[in-house]
Amino acid sequence: LEAHSGLVDDFPVCDASNTPQHDRLVDQYVAALYWAMATLTTVGYGDVTAISDSEVLFATFVLIIGTGIYTIVIASLEDIVSQLDVTSSLYKMKMDKVQL
């Protein structure tokens, strides 16, 4: 297996001087989207990076899906915690009424 140093070095954008301008812009956009998603989701790049367009697009798709699932889990936990706070407040109010 050949060692890869990173996305920018391995991506065909760096040595694609003989391709049409449109292809280079699409490659740059795909690379930028992958970089942004890997950075914003704090997943990082790891030892194995996506090289081909299909790998980069798949990795980006997985990062977006993973972020969505994580968001749903955190929102559900927040809802549970907020309900516990309301429930405990109502319980305390009822107990105060009973003690009077």
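Here are some questions and answers on how the labels for this predicted model follow from its computed values.

Q: What makes up the chain, going from the N terminus on?
A: The elements run α-α-α. That is 3 helices and 0 strands.

Q: Why is Thr60 called buried?
A: Thr60 has a relative accessibility of 4%, and buried means under 20%, so Thr60 earns the label. You'll find Thr60 in helix 3, which covers residues 53-99.

Q: What makes the link between Thr60 and Val56 a polar contact?
A: The side chain of Thr60 reaches the backbone oxygen of Val56 at 2.8 Å. The cut-off for such a pair of N or O atoms is 3.5 Å, so 2.8 Å falls within it.

Q: Which residues does Thr60 touch, leaving out those up to four places away in sequence?
A: Thr60 touches Leu33, Tyr34 and Met37. Touching here means heavy atoms within 4.5 Å.

Q: Why is Ala36 called partly exposed?
A: Ala36 comes out at 22% relative accessibility. Buried would need a value under 20% and exposed one over 50%, so Ala36 lands in between and counts as partly exposed. Ala36 sits in helix 2.

Q: How far apart are Ala36 and Thr60 in sequence and in space?
A: They are 24 residues apart along the chain, and their C-alpha atoms are 9.2 Å apart.

Q: Is Thr41 buried or exposed, and how do you know?
A: Thr41 has 19% relative accessibility. The cut-off for buried is under 20%, so Thr41 counts as buried. Thr41 belongs to the loop between helix 2 and helix 3.

Q: What does Thr41 pair with or touch?
A: A polar atom of the Thr41 side chain lies 2.6 Å from the backbone oxygen of Met37. Not counting residues up to four places away in sequence, Thr41 also touches Leu63 and Thr67.

Q: Why does Leu40 get the label exposed?
A: Exposed means over 50%, and Leu40 has a relative accessible area of 69%, so the label fits. Leu40 is in helix 2. Its C-alpha is 9.8 Å from that of Thr67, with the two positions 27 residues apart along the chain as the separation.

Q: What makes Val30, Tyr34, Ala50, Val56 and Ala59 a nonpolar core?
A: A core is a set of buried nonpolar residues joined through side-chain atoms within 4.5 Å. These 5 residues form the largest such set. Helix 2 (21-40) and helix 3 each supply at least two residues of this core. As a general point, nonpolar side chains in soluble globular proteins tend to be buried together.

Q: How do you know that Leu84 is exposed?
A: Leu84 has a relative accessible area of 55%, and the cut-off is over 50%, so Leu84 counts as exposed. Leu84 is part of helix 3.

Q: What makes Leu84 eligible for a surface patch?
A: A patch residue needs over 30% relative accessible area and no salt bridge. Leu84, at 55%, clears that area cut-off. Leu84 belongs to a nonpolar patch with about 1100 Å² of accessible area together. Other members include Phe58, Phe61, Ile69, Tyr70 and Ile80.

Q: How much of the chain counts as buried, and how much area does the chain expose?
A: Of the 100 residues, 17% count as buried. The chain exposes about 7900 Å², and carbon and sulfur atoms supply 67% of that.

Methods:
Residues are numbered from 1 along each chain as its sequence is written. This is a predicted model: local features need pLDDT of at least 70, side-chain atom pairs count only at pLDDT 80 or more; totals for chains, interfaces and linings use all residues. Side-chain values use heavy atoms; hydrogens and water are left out. Helices (H or I, at least four residues) and strands (E, at least two) are DSSP runs, numbered from the N terminus. Buried means under 20% relative accessible area, exposed over 50%, partly exposed in between (1.4 Å probe, protein chains only). Accessible areas come from the Shrake-Rupley method with a 1.4 Å probe; for residues, only the protein chains shown count as cover. A polar contact is a pair of N or O atoms within 3.5 Å; within protein, one must be able to donate a hydrogen and the other to accept it, and residues adjacent in sequence count only if both atoms are side-chain atoms. Patches are made of residues with over 30% relative accessible area and no salt bridge: like charges are joined within 9 Å, nonpolar side chains (Val, Leu, Ile, Met, Phe, Trp, Tyr) within 5 Å. A salt bridge is a side-chain nitrogen of Lys or Arg within 4 Å of a carboxyl oxygen of Asp or Glu.
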